[in-house]
2 protein chains.
Amino acid sequence: MKLIGKALIAQGGGPTAVINQSMAGVVAEARKYSQITNIYGALRGVEGILNEDFIDLSQETSCNLEQVAQSPSSALFSTRVKPDENYCKEIFKVLKAHDIRYFFYIGGNDSADTVHIVSEQAKLDNYEFRAIHIPKTIDNDLLINDHTPGYSSAARFVMQAFSGINLDMRALSGVYIGVVMGRNSGFLTAAAAAAQKFPDDGPHLIYLPERPFNIDNFAADVQKVYLQYGYCVVAVSEGIKDSSDRPIILSLLKDVEKDAHGNVTMSGTGALGDLLTQAVKEKLGISRVRSDTFGYIQRCFLGCASDVDQREAREVGEKAVQFALATNCDGSVTIHRIGDYAVEYKMTPLADLAGKTKHMPDNFINAAGNHVTNAFKDYLRPLLGSNLPSATRLRAPKVAKILK
Amino acid sequence: MKLIGKALIAQGGGPTAVINQSMAGVVAEARKYSQITNIYGALRGVEGILNEDFIDLSQETSCNLEQVAQSPSSALFSTRVKPDENYCKEIFKVLKAHDIRYFFYIGGNDSADTVHIVSEQAKLDNYEFRAIHIPKTIDNDLLINDHTPGYSSAARFVMQAFSGINLDMRALSGVYIGVVMGRNSGFLTAAAAAAQKFPDDGPHLIYLPERPFNIDNFAADVQKVYLQYGYCVVAVSEGIKDSSDRPIILSLLKDVEKDAHGNVTMSGTGALGDLLTQAVKEKLGISRVRSDTFGYIQRCFLGCASDVDQREAREVGEKAVQFALATNCDGSVTIHRIGDYAVEYKMTPLADLAGKTKHMPDNFINAAGNHVTNAFKDYLRPLLGSNLPSATRLRAPKVAKILK
């Protein structure tokens, strides 16, 4: 028997450059089915459900919907709230009052956890209801998935940034430390490796949360590269940890901020970059040491999304509706690589990935723990999309000296 | 009588996304004239001349030259060295030894000063020689010029970044402070204003070095915007100064770094952003306050150069050669706006702009000193180039609440 009622879409967690493609994918697909009587958008994720803050997406033009799909960040706004049992009870009052039978939540592993909780509560409540999680995260840390929508575009940004920075530092020499987002997983920082075209191009060193970070080893690594090439470009994850698994940034911040999921806030401060800069200056006596924290610039930058990412983000939205109608179980839409390069989509039980974190596999990290492997580069390459810009250098020969 | 001899090209100061277009413009044009017997590139600006570090650009393929023209940063590398009289004497020994009669130096107002010194020394030395300065700076602070190559592409980056950040902060609320390059002139920070599409879009506040910065007024401005829109996006120049004209960042940095031109190093540290973040948290009690320092990401980012900027950077290189051959005086190639939108190029005496700084004119800054005017937006718009991405938002109507 067909489940008849309204569909509700919401977006959770940090925005990405393509999260609106998934939203548009859900809306465009849902409009085709008569059992979906209307399509609402909840503003600010689960907060919007609790507060009945809905917009009627059936009254959105297809034309504007496609424009929004191309726009970065969460058009339905977002939230860091994680519902507990009581929160869920209030949510169900609202869902029932509005006859909402399909719930699509676009987000990362924390949001998958939210969908999982809502799904379990619906069963306890005997509320006939489909709850589907749609993957999204620039961190690329969702289990089961080969990769997640949002990652590829942020990776492309990181690649384009490091391509320019490599040439900038090559021109003026010195040491550069770029701090990239990534609390527990180094995938986004690792994407800086795609900027290496010539063998001596930066980033020469890449530090990830998956390997313990030691400041003395770091300084020795930097010195070695600096002596060899006359400059050194470093990519480092904001979430690098010491050998006791304690984030390096924790030793720096006086007032540690945590969100509802217990995550420490790491972006929005230049503290880690400044610490590493100071270490290089003091330990190595190099004067020109610069650091940038990529922060919020990298996840929603307008105009450099990967077209592969756009397409896949769209498809996971579309598949979510198809899975919701074709199956009678809740789950998460997951992306699986089946070729070089092709993907397929599956429905995965929420418990398999909710609240869990995928890390960089060992074969993606070099033995020294200070760079990536070619296996990672091969993994990343197709995700960056087409028309990837490429920088180059002069090849003119040296002129013989006359005076010296 | 025609001045016969070699041409030498060098690049000085901070790199830009289009500085290689100017270099390619000089090389391609110089190849057409028989009195230019060869085209050398000096590596690392005037340092390369002193050390006879030349490459033979006549042995560079046109194809690779065009690829390099599209690549950001200074392909001939750069320097912050400012030659004095003795340095110049050494330089002339080298120029004479290699029979170099044409010198093209691509750079900002400090580099123009270098060309000026070299030009004056050549006259004293009775060395028949043309020295031409070719404009370049993301700061847009060269006098006489309507704008300078490099600025428009960096401005486009700042616009694209703030477009995404505005939507990001709109989705998750809070206060965001983006620190943009600009030691003395606010042009690049002001470019953030181009991200405002809807009336309530950020950046809501823009602080420039041209107006004294007061931390209490800043906090009051932020509070007002935050209460009105529920979030606040701020763009601030790294070079903002207090009422006694002292850079705010100076009160933060223990070890102040200065380059050969006496300029304080302001980028490559998150200190200013962190200070402003702390002020907002403490004075306003807002918990979600984030800051990014755009730093080195903004000036050489690969793949978002303005096509107008590319074209103009190319033309100033081409014109430099034409002026050098057609006139018998040294000077700087300057850009003049003559229509909406069209430009022409002139040769300007070096003394008119060397070592001087152009500031944002009063009519580009609002009365409160915390944003730009429409006159500035009109000035900026054509520079950003074609195919400028544009973000948008949902317009679907609210659904009536049932329970509340």
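**Reading the terms of a predicted two-chain model**

Mentor: Glu52(B) lies in the loop between α2 (45-50) and β3 (54-56) of chain B. Please keep in mind that this is a predicted model.

Trainee: What makes the phi of Glu52(B) worth a remark?

Mentor: Most residues other than glycine have a negative phi. The phi of Glu52(B) is near 55°, which is a positive value, and the residue is not a glycine.

Trainee: Which peptide bonds in chain A are called cis, and what is their omega?

Mentor: One of them runs from Gly202(A) to Pro203(A), with omega near 5°, and Pro203(A) sits in the loop between α7 (187-190) and β7 of chain A. Another runs from Asp340(A) to Tyr341(A), with omega near 10°, and Tyr341(A) belongs to the loop between β10 and β11 of chain A. Most peptide bonds, by contrast, are trans.

Trainee: Let us turn to the sheets. What makes β3 and β11 of chain A edge strands?

Mentor: The sheet in question is open and has seven strands, in the order β3-β2-β1-β4-β5-β10-β11 of chain A, with mixed pairing. β3 and β11 (342-348) of chain A each have a single partner strand, so one side of each is left without a neighbour in the sheet, and that places both at the edges. From one strand to the next, the twist averages 30°.

Trainee: How do you know that β10(A) and β11(A) are paired?

Mentor: A pair of strands needs at least two bridges, and seven bridges join strand β10 (residues 331-339) of chain A to β11(A), the two running antiparallel. As one example, Arg337(A) has Val343(A) in β11(A) as its bridge partner. Helix α1 (residues 19-30) of chain A packs on this sheet, where it touches β1 (5-11), β2, β4 (100-107) and β5 (130-135) of chain A, and its direction makes about 175° with that of β1(A).

Trainee: And what is the order of the four-stranded sheet in chain A, and which strands stand at its edges?

Mentor: The four strands form an open sheet in the order β7-β8-β6-β9 of chain A, with parallel pairing. β7 (205-207) and β9 of chain A are its edge strands, since each pairs on one side only. Neighbouring strands of this sheet are turned by 15° against each other on average, direction ignored. Within this sheet, β6 (residues 174-180) and β8 (residues 231-237) of chain A pair in the parallel sense over seven bridges, against the required minimum of at least two. Gly178(A), for instance, has Ala235(A) in β8(A) as its bridge partner.

Trainee: Why are α8(A) and α9(A) called roughly perpendicular?

Mentor: Two packed helices are described by the angle between their axes and the distance between the axes. For α8(A) and α9(A) the angle is about 70° and the axes are 10 Å apart. The range that counts as roughly perpendicular is 65 to 115 degrees, and α8(A) and α9(A) are therefore roughly perpendicular to each other. Their crossing is right-handed. Ile215(A), Ala219(A), Val222(A) and Gln223(A) of α8(A) make the contact with Ala279(A), Val280(A), Lys283(A) and Leu284(A) of α9(A). By class, these residues divide into six nonpolar, one polar and one charged.

Trainee: At what angle do α8 and α9 of chain B cross?

Mentor: The axes of α8 (residues 215-229) and α9 (residues 271-284) of chain B come within 10 Å and cross at roughly 70°, which makes α8(B) roughly perpendicular to α9(B). α8(B) passes α9(B) in a right-handed crossing.

Trainee: How many residues does each chain give to the contact between the chains, and which element of chain A gives the most?

Mentor: Chain A gives 71 residues and chain B gives 71 residues, a residue pair being in contact if the C-beta atoms lie within 7 Å. On the side of chain A that touches chain B, α6(A) gives the most, with 10 residues, and the residues of that side divide into 33 nonpolar, 23 polar and 15 charged.

Trainee: Finally, which domains does the assignment give for chain A?

Mentor: The assignment gives domain 1 (5-149 + 305-352) and domain 2 (151-303 + 360-384) of chain A. The centres of domain 1 and domain 2 of chain A, taken over C-alpha atoms, are separated by 32 Å. Their contact takes 23 residues from domain 1 of chain A and 22 residues from domain 2 of chain A.

Technical notes:
Residues are numbered from 1 along each chain as its sequence is written. Chains are lettered from A and ligands numbered from 1 in the order in which they are written. This is a predicted model: local features need pLDDT of at least 70, side-chain atom pairs count only at pLDDT 80 or more; totals for chains, interfaces and linings use all residues. Domain bounds come from an automatic or database domain assignment. Two residues are in contact if their C-beta atoms, placed from the backbone, lie within 7 Å. Axes are lines fitted to C-alpha atoms, for helices over the stretch in contact, and angles run from 0 to 180 degrees between N-to-C directions. Angles under 35 degrees count as roughly parallel, over 145 as roughly antiparallel, 65 to 115 as roughly perpendicular and the rest as oblique. A crossing is left-handed if the near helix is turned anticlockwise from the far one by less than a right angle, and right-handed if clockwise. Ala, Val, Leu, Ile, Met, Phe, Trp, Tyr, Cys and Pro count as nonpolar, Asp, Glu, Lys and Arg as charged, and the others, Gly among them, as polar.
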